[in-house]
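Biologist: I would like to learn how to read a model like this one. Where should I begin?

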Amino acid sequence: MTEARAGERPSGSDASGGAWDDEIVSRRLVAWLDAVLAGRAPNAGHFCGNCYHPRQAADDDCPHCETSVAEAGVVESVPLEVIEGHRRRRGREGAVVRTIAWVGLTTGVVLALIPLAFAGVTWWSATAFFGLMIFFYIFSANVANSLGDAWGYRWGLAIFRRAWEQHLAARSDGSAEDG
Ligand SMILES: [Zn+2]
């Protein structure tokens, strides 16, 4: 069974911008959110108060959204709803890839059994069984890793975008009440 690595994109420009223009938040924040989900990093540090880009130093303008510290401030953790949105994004990416792989394999098993069911075990129905199984195994792994990866990426990104926009709306409501 091919274990597709959900969320990993084909190689492209890893610098900000370039092939990663679809990302809603900075690449460093995405990598950092992955680390938090994997338990490799605590939800603590210095983050841009506007876009939550992880900061080395707290005093310069944000290198990602270029908002000044005076304007955006620095926060010491990323809001939980942003982390939760990222968790659901990764979950959906994996589910799409796994679902496509299993649908492909199940189709293969059903089709491969048809010759055996109608002709009994003969040299050709047995050969067809194994041939179809091998074909669908390779076929579904490839579709899952290409089409499934692309669909999962789009779908997952849409989920994160909703969570992100809800967070921004709630954040601006909060600051409107404060001010
Ligand atoms: Zn920023």
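Modeller: Begin with the order of the elements. Read along the sequence, this protein chain follows the pattern α-β-α-β-α-α. That gives four helices and two strands. Keep in mind that the model is predicted.

Biologist: What does the protein chain average in pLDDT?

Modeller: The average is 87, and 85% of the residues score at least 70. Among the elements, helix α2 (residues 69–72) has the lowest mean pLDDT, 88, and α1 has the highest, 96. Over residues 1–20 the pLDDT is below 50, although this stretch has 28 contacts in the model beyond near neighbours in sequence. Where pLDDT is low, the predicted coordinates should not be read in detail.

Biologist: What share of the residues in the protein chain is buried?

Modeller: Of the 179 residues, 22% are buried. Contacts can be sorted by separation along the sequence. Taking contacts between residues at least 6 apart in sequence, 66% join residues at least 24 apart.

Biologist: Let us take one helix. Which residues of α1 are buried?

Modeller: Helix α1 covers residues 27–37, and its buried residues are L29, W32 and L33. They cover an arc of only 105° around the axis, which puts them on the same side of α1. The general idea concerns spacing. An α-helix has 3.6 residues a turn, so residues three or four places apart point the same way.

Biologist: Which exposed residues does the face turned away from the buried side of α1 carry?

Modeller: That face of α1 carries A31 and A35, which are exposed.

Biologist: What do the buried residues of α1 pack against?

Modeller: The buried residues of α1 pack against α3, which spans residues 80–119. To describe such a pair, look at the axes. Those of α1 and α3 come within 10 Å and cross at roughly 85°. That crossing makes α1 roughly perpendicular to α3.

Biologist: Which residues make the contact?

Modeller: From α1, the contact uses L33, V36 and L37; from α3, it uses I83, H86, R87 and R90. Sorted by type, the residues of this contact are four nonpolar, one polar and two charged. L33 belongs to the buried residues of α1 and also takes part in the contact with α3.

Biologist: What follows α1?

Modeller: After α1 comes G39, and its phi is positive, near 80°. For a backbone feature like this one, read the sign of the angle along with its value.

Key:
Residues are numbered from 1 along each chain as its sequence is written. This is a predicted model: local features need pLDDT of at least 70, side-chain atom pairs count only at pLDDT 80 or more; totals for chains, interfaces and linings use all residues. A residue is buried if 20 or more other C-beta atoms lie within 10 Å of its own, exposed if 12 or fewer, and partly exposed in between; C-beta atoms are placed from the backbone. The arc is that of the directions from the helix axis to the C-beta atoms. Two residues are in contact if their C-beta atoms, placed from the backbone, lie within 7 Å. Axes are lines fitted to C-alpha atoms, for helices over the stretch in contact, and angles run from 0 to 180 degrees between N-to-C directions. Angles under 35 degrees count as roughly parallel, over 145 as roughly antiparallel, 65 to 115 as roughly perpendicular and the rest as oblique. Ala, Val, Leu, Ile, Met, Phe, Trp, Tyr, Cys and Pro count as nonpolar, Asp, Glu, Lys and Arg as charged, and the others, Gly among them, as polar. pLDDT is the predictor's confidence in each residue, from 0 to 100.
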